[in-house]
Each structure stands twice: as C-alpha cells, then as structure tokens.
Amino acid sequence: MGKECTSVHSGMRTLVHAGRLSGNNSAMLSPDSTFPFIVVMTCVELFTFITARPNNIPQGKKGLQMLYQDMRTLLKLVSQERHGNEMKDFEQSLTSLPSLNYKTEDLKSLEVSSTLGQLYSGLKSFKFHLDWIQQKQEEMGSDYYKTKKLAHRIQVISHMVLIQIGTTPSELVYPSLSPLNTAWNLYQANVEILDKLYFFCNWYIRALGVLKHRQQ
C-alpha cells in the first residue's frame, strides 16, 4: 500500500489540476479523449479518498466482514438503480465487462488472496465503465448524479480491498470502448453494466461470506 500511496501522491497535484480543467471542458471532449479523461478523474478521486480517509481499516476476519457488509450495501444500491429498467431481454455487447462464469462448487475451493485480487480487478473494471457512462451523460446533458454516486462507492470498496490484499496488484489494462452516439446506446450500455454489476455483487457477497467464516 505504501508504494501505491507514493506513486499516487507524486505528481498528483498536476493531475488534480488537469482533472479540474477536464471537468470544466467535458462538453468539448472528443471520443479519442475518453480514456485519458477517465484515467485522470480516477486518479483525482483516489488522491482525494486516500488523503481524506484514515488508514484504520481492519484486516483479517474483521476486514472481510467489513467488505462483506459494504458489498451488501453496494448490491442494494445497484438493485435500486436497476429497479424500473424495462429492458429484460436484449443483446449484451459489452465484452469488456468482467466475466461472470461462477459456479456454486467454486465456493468450496476459494482462497483469500486470489478472491480478493479478482474482486479488486472486477471493481476497477466496473468503475472504469461507469466513469465512461458518466462522461457520456454529462456530454448529453443527462442527470449523472446516480452514476457518480455508484462509481464513488465502488472506488471506496476498491481501496478497502487493496488494504486487505496488502500489496499493489499488477497494473490493470483497460480496454477501448465503443462510442455511444445516441441516448438509446447510452441507456442500453448503462442497463447492461448495472445487470452485470448486480450479479457480480451477488457472487462476491457469497464468496466473502464463505471466506470470513473460515477465518479464526
């Protein structure tokens, strides 16, 4: 965690300044600027979170219990966002989202380190996609408050998972995302992300429940 904090703090003030400039000119962003915009905003949020939150998050069984409760809270928030979605059957095209090929028997062979590593990478992927959605909502003049709130909650939990892991994981590779040219494209993408995130949360709540009961 120390290495991450050092790398985030070095040069972060420049990114914060750049993030503010990007926020003021979000309507002028071209499709090619989507990735750097998301990266800058993610760094700004991480810097703000690390400097504002005390490092008193417990580890071990208590830490897993806290993550378990936070994932339940996230699931509730996602469920509220999904409520009222009229699209039940539609072609899902976002192959960049985390894979959800989980089976019940997988719960028997869970390991703390690998499970937390997969949880972290999955959360960061969903955060990346939600930042993408938020940017497009801003560009189209749509209300992005709920998306921003959900993305922030995921960022908080990601940091907690990182503390439980104890080391900085390998750098994540983020994919290039297709442009969302219409409000309908934006709506479809948002629904798909929320659906996948809902099942992602369900699985990791079960996984964390198993892991915390194994801890002495």
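Let's start with one residue, Leu-64, which sits in helix H4. Keep in mind that this is a predicted model.

Is Leu-64 buried or exposed? Its relative accessible area is 3%. The cut-off for buried is under 20%, so Leu-64 counts as buried. What does Leu-64 touch, once residues up to four places away in sequence are set aside? The list is Leu-116, Gln-164, Leu-208, Leu-211, Lys-212 and Gln-215. Take Lys-212 from that list. Leu-64 and Lys-212 are 148 residues apart along the chain, yet 5.7 Å separates their C-alpha atoms.

Now step back to the whole chain. How many helices and strands does the protein chain have? Seven helices, zero strands. Along the sequence, the pattern reads α-α-α-α-α-α-α. The chain has 216 residues, and 43% of them are buried. Next, look at contacts between residues at least 6 apart in sequence. Of those, 92% join residues at least 24 apart.

On to helix pairs. Two packed helices are described by two things: the angle between their axes and the distance between the axes.

First pair: H4 and H7. H4 covers residues 60–82, and H7 covers residues 183–214. They pack at an angle of about 155°. Their axes are 9 Å apart. Angles over 145 degrees count as roughly antiparallel, so H4 and H7 are roughly antiparallel to each other. Their crossing is left-handed. Which residues make up the contact of H4 with H7, by class? There are 16 nonpolar, four polar and six charged.

Second pair: H5 and H6. Here the packing angle is about 160°, and the axes lie 9 Å apart. H5 is therefore roughly antiparallel to H6. H5 crosses H6 in a left-handed way. In the contact of H5 with H6, we find 14 nonpolar, seven polar and four charged residues.

Next, the core. How many residues are in the largest nonpolar core? It has 41. Four residues have the most contacts inside it: Met-71, Leu-74, Leu-119 and Leu-123. Which helices each supply at least two residues of this core? They are H4, H5 (112–139), H6 (145–165) and H7. H7 gives the largest share, with 13 residues.

Let's zoom in on Met-71. Leave out its neighbours within four places in sequence. Met-71 is then in contact with Leu-119, Leu-123, Ile-157, Phe-200, Cys-201, Tyr-204, Ile-205 and Leu-208. Two of those names should sound familiar: Leu-119 and Leu-123 are also among the residues with the most contacts inside the core. Leu-208 came up earlier too, on the list for Leu-64.

One last residue: Ile-154. Where is Ile-154? It is in helix H6. Its relative accessible area is 0%, so Ile-154 is buried. Which residues does Ile-154 touch, not counting those up to four places away in sequence? Leu-74, Leu-123, Phe-126, Lys-127, Leu-130 and Leu-197. Now compare positions with Met-71. Ile-154 and Met-71 are 83 residues apart along the chain. Their C-alpha atoms are separated by 9.0 Å.

To recap, then. The protein chain has seven helices and zero strands. H4 and H7 are roughly antiparallel, and H5 is roughly antiparallel to H6. The largest nonpolar core has 41 residues, with its largest share from H7.

Technical notes
Residues are numbered from 1 along each chain as its sequence is written. This is a predicted model: local features need pLDDT of at least 70, side-chain atom pairs count only at pLDDT 80 or more; totals for chains, interfaces and linings use all residues. Side-chain values use heavy atoms; hydrogens and water are left out. Axes are lines fitted to C-alpha atoms, for helices over the stretch in contact, and angles run from 0 to 180 degrees between N-to-C directions. Helices (H or I, at least four residues) and strands (E, at least two) are DSSP runs, numbered from the N terminus. Angles under 35 degrees count as roughly parallel, over 145 as roughly antiparallel, 65 to 115 as roughly perpendicular and the rest as oblique. A crossing is left-handed if the near helix is turned anticlockwise from the far one by less than a right angle, and right-handed if clockwise. Ala, Val, Leu, Ile, Met, Phe, Trp, Tyr, Cys and Pro count as nonpolar, Asp, Glu, Lys and Arg as charged, and the others, Gly among them, as polar. A nonpolar core is a set of buried Ala, Val, Leu, Ile, Met, Phe, Trp, Tyr and Cys residues joined through side-chain atoms within 4.5 Å. Buried means under 20% relative accessible area, exposed over 50%, partly exposed in between (1.4 Å probe, protein chains only). Contact means heavy atoms within 4.5 Å.
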